[in-house]
Amino acid sequence: MGIVSTIGQRCKRCYSCIRECPARAIRVLNGQAVVIEERCIACGHCVKVCSQNAKQVLDDVGIVMNELLPSYEVYAIVAPSFPASFPGVEKQFITALKKLGFKHVSEAAFGADLISDRYKSFIENNSGKTIISSPCPAIYNWITKYFVEISGNLAAVVSPMIAMGRFLKKNYGDHIKVVFIGPCIAKKSEYLDPEVDDAIDAVLTFKEIKQIFEQKEIDLNSLDASSFDPPHAYMGKAYPLTGGLLKTTDTHGDILEKEIIVVEGKDKVEEILNEIADKKIKSKFVDILFCEGCINGPAVDSELNYYSRREKVISFIESDINSFDKKVWQSALYNNRDIDLSRNFTIRNQRRPTPPEETIKSILAKSNKFSKSDELNCGACGYPTCREYAIAIAKGLAEEDMCLPYLIDKLEQANKEIRETQEQLANAEKLASIGQLAAGVAHELNNPLGSILIYASMLKKKIERIGGDKQNIEDLKLIIEETERCKNIVSNLLNFARQGRLCLDEIEIKSIIDSIFKLIKIRAEFSDINLNIDDRAGGVKIQGDRDQLKQAFMNIIINACEAMENSKNKILSVIINESDNKIKVVIRDTGCGIKPEYINKIFTPFFTTKKMGKGTGLGLAITYGIIKMHRGDITVKSKPDEGSEFEITLPIKQNYMILN
């Protein structure tokens with residue numbers, strides 16, 4: 001595990017950490033925001049912004065409580081920002097640490113005093129490149145990984161923590177163990193750095209030390225006050241405040257000063273590093289803190305705001321400085337002038353090459369972004385622009401399903417398809433139920449209708465043979481016609497009741513339409529209709545049941561012809577297209593059209609808008625069933641007095657079970 005890692009089960013795909021990570025050290029893997037250890041600069045910013053507490057920090061509590069304190073002489077050094085985390089109980093905090101078993105509790109701020117002359121020398125004597133302060137591990141981690149060209153600008157000076165650790169081990173012996181307690185997560189990466197791993201044995205954050213107090217049931221308010229063990233710090237106490245380093249070196253950062261720049265905060269830090277890398281900054285010295293002063297570190301664990309924290313630290317400095325013995329302090333500095341306070345920085349380049357423009361465009365196109373206007377740059381994915389998001393995907397730092405607008409579009413389309421499928425299933429269930437009923441009714445009616453037809457025909461012939469009354473003959477003729485009509489209705493009911501029985505063959509749709517047109521042309525009532533067919537499919541064939549498909553198309557075409565009974569221009573057009581392994585047939589007429597309120601009912605069994613005796617309401621229901629059995633789709637568009645358009649889509653090839 002790295003310094004910072006993700007607790008997978010808590011991560012909720014909010015992408016806040018990705019949005020806020022300055023090093024782009026977090027990638028989404030299977031929906032989880034995973035910290036990439038080698039890219040992480042340990043700034044802890046992702047810990048601060050994660051509302052789900054899905055980020056965990058390398059925990060040294062076990063090392064300190066189970067290994068160091070029981071077996072060694074352990075010294076604690078406390079960061080000068082501690083009054084911001086323990087307001088009102090600063091002195092009791094020292095007592096609590098000793099109660100835990102720390103033999104010696106001193107100020108890390110004395111380490112700042114130790115290195116102050118080094119920085120003063122850099123500021124006064126530098127006449128070349130811009131020197132960057134190096135006490136903040138998040139800053140030099142960022143530089144050595146992502147701004148490698150300015151790694152040489154880092155001041156080759158240890159941090160106050162390392163300086164104090166080396167001071168304690170020199171003065172009290174190498175056998176002691178030193179634990180740093182502070183607000184900074186990045187300090188955990190610093191004490192493990194091979195360049196300076198001789199000084200500190202563990203790092204606890206203020207949050208971790210509070211957890212220890214709770215576990216040990218130590219109530220700070222009930223403890224007596226204590227003072228820090230020597231050596232006592234002087235202006236090093238100001239280190240956690242903005243410009244604190246300059247205060248320690250007795251250097252003033254005047255507003256008109258152009259040779260010294262003080263920068264704090266993630267966004268401003270990134271700006272200044274880019275400026276230095278581009279050689280746009282001419283200043284001698286730049287003091288940089290990743291956080292807005294150490295009092296705003298990710299592990300301060302305080303409900304106080306920035307200004308209240310600052311006030312608490314300043315108040316503690318003022319109260320403590322009154323009892324300060326400057327001679328003792330100067331003597332301690334002089335006697336330890338030989339401590340090695342220098343260090344080197346190892347370059348750990350984590351830059352990844354920018355992908356080719358073709359790759360970026362291809363990735364953008366996958367989320368329907370084909371032009372600049374398509375790029376919303378909403379930031380929901382965690383990246384400021386769609387282009388940066390695409391680059392992150394190409395670099396293996398992001399996944400393709402992180403674009404929220406695109407996912408919403410996909411979800412809406414999926415919901416639409418689900419609704420359509422649900423409607424189709426409901427219709428199919430309704431048709432199946434009615435089909436079962438229709439089959440039973442049809443079989444029951446067929447025999448008596450057959451008998452009526454036979455005996456009516458026999459009686460008619462007998463009366464005609466003996467020259468009987470013409471009116472009787474006409475009455476019998478009407479009985480026979482109506483009986484025939486009833487048999488046709490029964491036949492339609494039986495056709496409607498046929499479920500899933502297909503006799504498949506290779507079929508060309510145009511040939512079916514041609515055969516239907518021939519039948520239409522010989523019917524006198526349709527003789528004035530202009531029939532057109534436009535075959536754009538190039539003779540492509542489909543697998544289907546010829547007879548059933550012919551019936552389906554016949555039902556639609558007959559309905560279209562009947563709808564044009566009162567039209568001035570009677571045109572029926574059939575257009576056949578082929579695309580995406582499907583045949584699309586559009587049947588368009590110039591008839592009376594369908595009222596909007598009827599559109600959703602036309603495929604319902606027994607629904608008809610025809611005059612009494614002209615239709616059964618089964619034709620389109622049968623057509624719908626046939627098309628669905630062929631795994632196709634049928635839709636309709638219509639406006640009253642403007643005609644109708646039926647669109648039928650059929651797959652060119654499907655794995656059906658063929659019935660012979």
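**Exercise 1. The largest cavity**

Task: sort the residues that line the largest cavity into nonpolar, polar and charged.

Solution. Step 1: the lining holds 24 nonpolar residues, five polar and two charged. (Nonpolar covers Ala, Val, Leu, Ile, Met, Phe, Trp, Tyr, Cys and Pro; charged covers Asp, Glu, Lys and Arg; the others, Gly among them, are polar.)

A note on the model: it is predicted, so local features need pLDDT of at least 70 and side-chain atom pairs pLDDT 80 or more, while totals for chains, interfaces and linings use all residues. Residues are numbered from 1 along each chain as its sequence is written, and side-chain values use heavy atoms, without hydrogens or water.

Step 2: find the centre. The lining of the largest cavity has 31 residues, and Pro135, Lys187, Tyr239, Leu289 and Cys294 lie nearest the centre. (A cavity is a set of points on a 1 Å grid over the protein atoms alone where a 1.4 Å probe fits but cannot get out; lining residues have an atom within 4 Å of a point.)

Step 3: trace the walls. At least two lining residues come from each of helix 6 (109–125), helix 7, helix 8, helix 11 (244–248) and strand 11. (Helices are DSSP runs of H or I, at least four residues; strands are runs of E, at least two; both are numbered from the N terminus.)

Step 4: add the volume. The largest cavity comes to about 390 Å³. (Grid points are joined across faces, edges and corners; the volume is the space filled by probe spheres set on them.)

**Exercise 2. The second largest cavity**

Task: which residues are closest to the centre of the second largest cavity?

Solution. Step 1: count the cavities. The whole structure has seven of 30 Å³ or more. Step 2: the second largest cavity holds about 90 Å³ of space. Step 3: it is lined by 13 residues, and Cys21, Ala25, Cys40, Cys43 and Cys46 are closest to its centre. Step 4: classify its lining. Eleven residues are nonpolar, two are polar and none is charged.

**Exercise 3. A three-stranded sheet**

Task: in what order do the three strands of the open sheet run, and which pairing do they use?

Solution. Step 1: the order is 7-11-10, with parallel pairing. (Two strands pair if DSSP finds at least two bridges between them.)

Step 2: find the edges. Strand 7 (131–132) and strand 10 (260–264) each have a single partner strand, so one side of each has no neighbour in the sheet.

Step 3: check the register. Strand 10 and strand 11 (residues 285–289) pair over five bridges. Here Ile260 faces Phe285, Ile261 faces Val286, and Val263 faces Ile288. Strand 7 and strand 11 share two bridges, and Ile131 stands opposite Phe285.

Step 4: look at strand 11 from both sides. In a regular strand, side chains alternate between the two faces of the sheet. Phe285, Asp287 and Leu289 point one way, Val286 and Ile288 the other, and all are buried. (Buried is under 20% relative accessible area, exposed over 50%, partly exposed in between, with a 1.4 Å probe and protein chains only.)

**Exercise 4. Strand 8 and its partners**

Task: why is strand 8 (residues 177–182) described as largely enclosed?

Solution. Step 1: five of its six residues are buried, so the rest of the structure largely encloses it. Step 2: list its partners. Strand 5 (residues 74–78) pairs with strand 8 in the parallel sense over five bridges. Strand 9 (residues 202–205) also pairs with strand 8 in the parallel sense, over four bridges. Step 3: take Val179 as a marker. Ala76 stands opposite Val179, and Ala202 is the bridge partner of Val179 in strand 9.

**Exercise 5. Ser151 and helix 21**

Task: is Ser151 buried or exposed?

Solution. Step 1: place it. Ser151 sits in the loop between helix 7 (137–146) and helix 8 (160–172). Step 2: its relative accessible area is 9%, so Ser151 is buried. Step 3: beyond neighbours within four places in sequence, Ser151 contacts Ile143, Thr144 and Ile347. (Contact means heavy atoms within 4.5 Å.)

Task: how many residues of helix 21 (residues 619–629) are buried?

Solution. Step 1: nine of its eleven residues are buried. Step 2: among them are Leu620, Thr623, Tyr624 and Met629. Step 3: move past the helix. Arg631 follows helix 21 and has a positive phi, near 60°.

Notes
On a 1 Å grid over the protein atoms alone, a cavity is a set of points where a 1.4 Å probe fits but cannot get out, and a pocket is an open set with protein on both sides within 12 Å along at least five of seven lines; lining residues have an atom within 4 Å of a point.
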